[in-house]
Amino acid sequence: MTSLFVEQLTVIDCAYLDATRGLVGESWIVDIELIGDLDEQSMVLDFGEVKRRIKKVIDQSADHTLIVPQQASGLSLHQAGERSSLSFRSARGLIEHHSPSIALSVADADRIDAAAVVAYLQPRVASVLPPNVDELRLSLRSERIDGAFYHYVHGLKKHDGHCQRIAHGHRSRIHIGIGGQRQPTLEAALAQRWADIYLGTIDDLVDSSGGQCRYAYTAAEGRFELALPAAHVENLPGDTTVERIAEWIASGRWLPDAPAALEVRAYEGVMKGAIARRPIAA
Ligand SMILES: Nc1nc2c(c(=O)[nH]1)N=C([C@H](O)[C@H](O)COP(=O)(O)OP(=O)(O)OP(=O)(O)O)CN2
């Protein structure tokens, strides 16, 4: 038996419900190992097939979904055909979500962590493997980040892919500079402000009474609605693409005394993002 490995086969950019943290955005890097006999090509599985089969299953299941702990005591979940509705009591307050069912991954767990997502994915990935593969080892890890980062959840209603889903998210590093010098204090301040944040688009905010913010829109996959505590939210003026997020950070409007110049390198999950600069005032 020989073992084949692929490091960082893909990244799962998702959101999940957590009893303490509320709605959490996450980016898990997926590594895989396949153990089996060699096929007629002297391979455990052609790397091309690994991508076609395994990455595809992951991209079409947990990736860009809201992952729900089915056994959690605070969860009330109703799935009727192609529509799903849920409410979830967290220490941060009540979260409600209504969407097409494909926007949810329902895991047989009382809390969501990397192990619960591996257990969710394991049978789905195993079902697309050829018979010569005896064992599948999936592991999820977070990107190593030495500086500041935040976890955010958002939805891009105009996106024609899975990013249209109102509750998917990322774990993202942030670089903020002035005159080419990183500013760890500013980076830490933003990371603290955006620890487990929902980045909402003001146009999608349909109600903000009673301490809750409710967002709703119709996208190509159907109708999406999300309500969560106002303290869990930052509302941005436009779409929450990483380009707009970088511009918003560079605008300095989150700082009491914004410096005249700010250079921002904002990430969306792992190894990709956008750069924006605040122009130097005259
Ligand atoms: N220019 C931009 N493109 C995209 C943005 C964006 O902000 N600016 N955002 C998204 C989505 O929010 C999405 O979450 C990013 O997902 P990503 O993993 O990059 O997309 P894929 O799943 O298609 O890529 P994989 O390599 O398969 O993971 C999309 N685009």
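Which residue's side chain does a polar contact of 2.9 Å join to that of Lys 157? The tour comes to that residue at its fourth stop.

**Before selecting anything**

The structure is a predicted model, in which local features need pLDDT of at least 70 and side-chain atom pairs count only at pLDDT 80 or more, while totals for chains, interfaces and linings use all residues. Residues are numbered from 1 along each chain as its sequence is written, and side-chain values use heavy atoms, with hydrogens and water left out.

**First stop: the two domains**

Colour residues 2-141 as domain 1 and residues 149-277 as domain 2, the two parts into which the chain is divided; these bounds come from an automatic or database domain assignment. Their centres, taken over C-alpha atoms, are separated by 24 Å. The contact between them takes 30 residues from domain 1 and 32 residues from domain 2, where contact means heavy atoms within 4.5 Å.

**Second stop: the ligand**

Select the ligand together with the residues near it, that is, those with a heavy atom within 4 Å of it. This shell holds 16 residues, of which His 64, Cys 163, Val 242, Glu 243 and Lys 272 come nearest. Domain 1 and domain 2 each contribute at least three residues to the shell. Helix H1 (47-59), strand S10 (168-178) and helix H4 (242-251) each supply at least two; helices (H or I, at least four residues) and strands (E, at least two) are DSSP runs, numbered from the N terminus.

By residue class, the shell divides into three nonpolar, six polar and seven charged residues. Here Ala, Val, Leu, Ile, Met, Phe, Trp, Tyr, Cys and Pro count as nonpolar, Asp, Glu, Lys and Arg as charged, and the others, Gly among them, as polar.

Now display distances from the ligand. One of its oxygen atoms is 2.8 Å from a side-chain N or O atom of Lys 55, an oxygen atom of the ligand also lies 2.8 Å from a backbone N or O atom of Val 242, and a nitrogen atom of the ligand lies 2.7 Å from a polar side-chain atom of Glu 243. The protein covers 64% of the 620 Å² of accessible area that the ligand has on its own, areas being computed by the Shrake-Rupley method with a 1.4 Å probe and, for residues, with only the protein chains shown counting as cover.

**Third stop: strand S1**

Move to Thr 10, which is found in strand S1 and, at 7% relative accessibility, counts as buried; buried means under 20% relative accessible area, exposed over 50%, and partly exposed in between (1.4 Å probe, protein chains only). Its side chain is joined to that of Asp 59 by a polar contact of 3.4 Å, a term for a pair of N or O atoms within 3.5 Å in which, within protein, one must be able to donate a hydrogen and the other to accept it, and residues adjacent in sequence count only if both atoms are side-chain atoms. Not counting residues up to four places away in sequence, Thr 10 touches Trp 28, Ile 29, Val 30, Lys 55, Ile 58 and Asp 59, and among these Lys 55 has already appeared beside a ligand oxygen atom.

In strand S1 (residues 2-18), select Gln 8 as well. Its phi is near 50°, a positive value in a residue other than glycine, and with a relative accessible area of 31% Gln 8 is partly exposed.

**Fourth stop: Lys 157**

Go next to the loop between strand S9 (149-154) and S10, which holds Lys 157, a partly exposed residue with a relative accessible area of 22%. The residue asked about at the start is Asp 204, whose side chain makes the polar contact of 2.9 Å with that of Lys 157. Leaving aside neighbours within four places in sequence, Lys 157 is in contact with Gln 164, Thr 201, Asp 204, Tyr 217, Ala 219 and Asp 239.

**Last stop: Ser 101**

Finish in the loop between strand S6 (93-100) and strand S7 (104-107), where Ser 101 has its place; at 18% relative accessibility, Ser 101 counts as buried. The side chains of Ser 101 and Ser 84 are joined by a polar contact of 2.9 Å, and the side chain of Ser 101 reaches the backbone nitrogen of Arg 83 at 3.4 Å. Apart from residues up to four places away in sequence, Ser 101 touches Gln 79, Gly 81, Glu 82, Arg 83 and Ser 84.
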